[in-house]
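Have a look at the structure below with its inner spaces, its backbone and its surface in mind. What lines the hollows inside?

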Amino acid sequence: MGTADVIAMTEKYQMANYARFPVVFVRGEGARLFDAEGREYLDFLGGIAVALLGHTHPEVTRAVTVQARNLLHVSNLFHVPVQAEVGRLLSESTIGGKVFFCNSGTEANEAAIKLTRKWFADRGKEGVHEFVVLEGSFHGRTYGGLSATGQPRLHKGFEPMLPGFVTVPFGDIVALENALTDRTCAFLVEPIQGESGVRMHPPGYLKEAERLCRQNGILLVVDEIQTGLGRTGAMLASERFGLLPDIVTLAKGLANGLPLGAVVAREEVAAAFGTGSHGSTFGGNPVCCAAARVVLETLRSQGFLDEVCRKGELLKNGLSELAERRTDVRKVRGLGLMLAMEMEVETKEIAEQCLRNGLIVNATSGTVLRFLPPLTVNNAEIRHALDLLWASLPAGGRK
Ligand code: PLP
């Protein structure tokens with residue numbers, strides 16, 4: 001099937017909910033992708049922060065193949081060695097405590113919402129069920145995740161949202177404090193807002209929010225679905241901001257492209273999910289866990305996260321130098337290999353031009369270009385991406 005046939009078939013038989021680029025990918029290797037016509041691209045989006053170790057990482061491929069030969073699925077009515085090991089690795093690498101496995105980010109947030117409410121209900125506090133969330137947040141597309149998402153444009157047409165979510169302005173600690181009532185069970189927050197354009201909280205905001213949670217006896221639930229697992233140069237972005245969450249949600253790169261999500265909760269909170277309280281048929285699937293074991297062992301290997309920090313600096317400095325030679329860049333921001341360049345102009349066409357030039361980046365929030373390359377990207381690829389980006393930006397914005 002040629003490119004045009006694939007696109008025509010997709011459009012004929014699949015719902016039109018995605019705005020897809022007219023490119024058909026058939027192969028990937030590290031930070032590179034190859035289309036059906038044999039063209040090579042540098043992937044600085046990584047399947048939206050998923051390909052942590054790059055495409056077709058040999059050890060991931062090997063682990064998945066071996067597991068697929070042995071066992072694909074048995075359900076969570078039984079034990080599986082690789083799932084047990086990934087649970088241990090996740091607990092030890094994040095906040096300690098216990099893990100619940102699911103299949104995606106939005107499911108991880110659903111589980112975190114249920115776990116939080118159950119924790120209070122177990123203490124006879126059914127009335128304590130309200131989540132405070134932030135404007136511009138993104139927590140997923142199912143009703144719980146979507147109700148928690150502080151972006152009314154995403155709610156449109158799907159109302160009514162679930163009750164029990166209160167949205168406060170971004171970066172305003174007084175608004176957060178004022179929103180906490182005797183009905184509040186948790187503050188749910190992304191350490192850096194990913195989908196809204198790599199938005200960083202004001203310095204000190206998260207730490208102060210954590211203090212307010214402790215003071216008011218409510219849980220701090222941190223959505224690390226995009227920021228977690230090495231993306232910002234630490235296992236969790238929470239570490240970079242000095243936070244110790246009660247609950248963390250993870251997904252995206254956990255299994256390097258296979259569907260796996262997880263909730264990690266500190267021991268006492270995790271106990272609220274007693275037998276039969278929550279579940280998932282596929283959650284913690286053995287093949288996905290085989291990939292996750294390689295991901296977590298690699299992230300934990302000596303010097304890996306330091307390298308992410310160093311490469312993040314290289315890319316950020318490169319973007320800042322490029323910005324100095326232009327009149328249309330407002331700001332370069334982000335942490336580790338989660339970076340963005342905010343422009344004065346719409347970025348959709350720039351991302352399209354990048355793609356034509358062989359560089360995959362993401363246009364988000366109208367005027368933001370977002371960069372989420374594999375954590376294994378190398379120096380030469382970073383420099384090449386910067387050259388391709390420069391060549392793709394409109395000539396009118398050069399100084
Ligand atoms: N939370 C955050 C911070 C995300 O960035 C995303 C996806 O972009 C989600 C939740 C939802 O994840 P999923 O698409 O796997 O359901």
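The lining of the largest cavity holds four nonpolar, eight polar and no charged residues. In these counts Ala, Val, Leu, Ile, Met, Phe, Trp, Tyr, Cys and Pro are nonpolar, Asp, Glu, Lys and Arg are charged, and the others, Gly among them, are polar. Please keep in mind that this is a predicted model, where local features need pLDDT of at least 70 and side-chain atom pairs count only at pLDDT 80 or more, while totals for chains, interfaces and linings use all residues. Numbering runs from 1 along each chain as its sequence is written, and side-chain values use heavy atoms, without hydrogens and water.

**Cavities**

- The whole structure has three cavities of 30 Å³ or more (on a 1 Å grid over the protein atoms alone, a cavity is a set of points where a 1.4 Å probe fits but cannot get out, and lining residues have an atom within 4 Å of a point).
- The largest cavity has a volume of about 70 Å³ (the space filled by probe spheres set on the points, which are joined across faces, edges and corners).
- Around the largest cavity sit His73, Val74, Ser75, Asn76, Val80 and Gln83, together with Thr281, Phe282, Gly283, Gly284, Asn285 and Pro286.
- For the second largest cavity, the volume is about 40 Å³.
- Phe44, Leu315, Leu319, Leu359, Val361, Phe371, Ala385, Leu386 and Leu389 line the second largest cavity, and by class this lining is nine nonpolar, no polar and no charged residues.
- Two or more residues of the second largest cavity's lining come from each of α13 (304–324) and α15 (379–392) (helices, H or I, of at least four residues, and strands, E, of at least two, are DSSP runs numbered from the N terminus).
- With three residues, α15 gives the most to the lining of the second largest cavity.

**The second largest pocket**

- The second largest pocket holds about 780 Å³ of space (a pocket is an open set of points with protein on both sides within 12 Å along at least five of seven lines).
- It is lined by 25 residues, and those closest to its centre are Asn76, Gln83, Val99, Phe100 and Phe101.
- α4 (81–93), β4 (98–102) and β12 (261–265) each give two or more residues to this pocket's lining.
- The pocket lining divides into 12 nonpolar, 12 polar and one charged residue.

**Backbone points to check**

- Glu159 and Pro160 are joined by a cis peptide bond with omega about 5°, and Pro160 lies in the loop between α7 (152–155) and β6 (165–168).
- Leu229 is not a glycine, yet its phi is positive, about 60°.
- Leu229 sits in the loop between β10 (219–223) and α10 (237–240), and at 3% relative accessible area Leu229 is buried (buried is under 20%, exposed over 50%, partly exposed in between, with a 1.4 Å probe and protein chains only).
- Ser365, also a residue other than glycine, has a positive phi near 50°.
- The loop between β16 (362–364) and β17 (368–371) holds Ser365, which is partly exposed at 42% relative accessible area.

**Surface**

- Met1, Met9 and Tyr13 make a nonpolar surface patch of about 420 Å².
- Patch residues have over 30% relative accessible area (Shrake-Rupley method, 1.4 Å probe, with only the protein chains shown as cover for residues).
- They also have no salt bridge (a side-chain nitrogen of Lys or Arg within 4 Å of a carboxyl oxygen of Asp or Glu), and like charges are joined within 9 Å, nonpolar side chains (Val, Leu, Ile, Met, Phe, Trp, Tyr) within 5 Å.
- Tyr13 belongs to helix α1 (residues 3–13) and counts as exposed because its relative accessibility is 63%.
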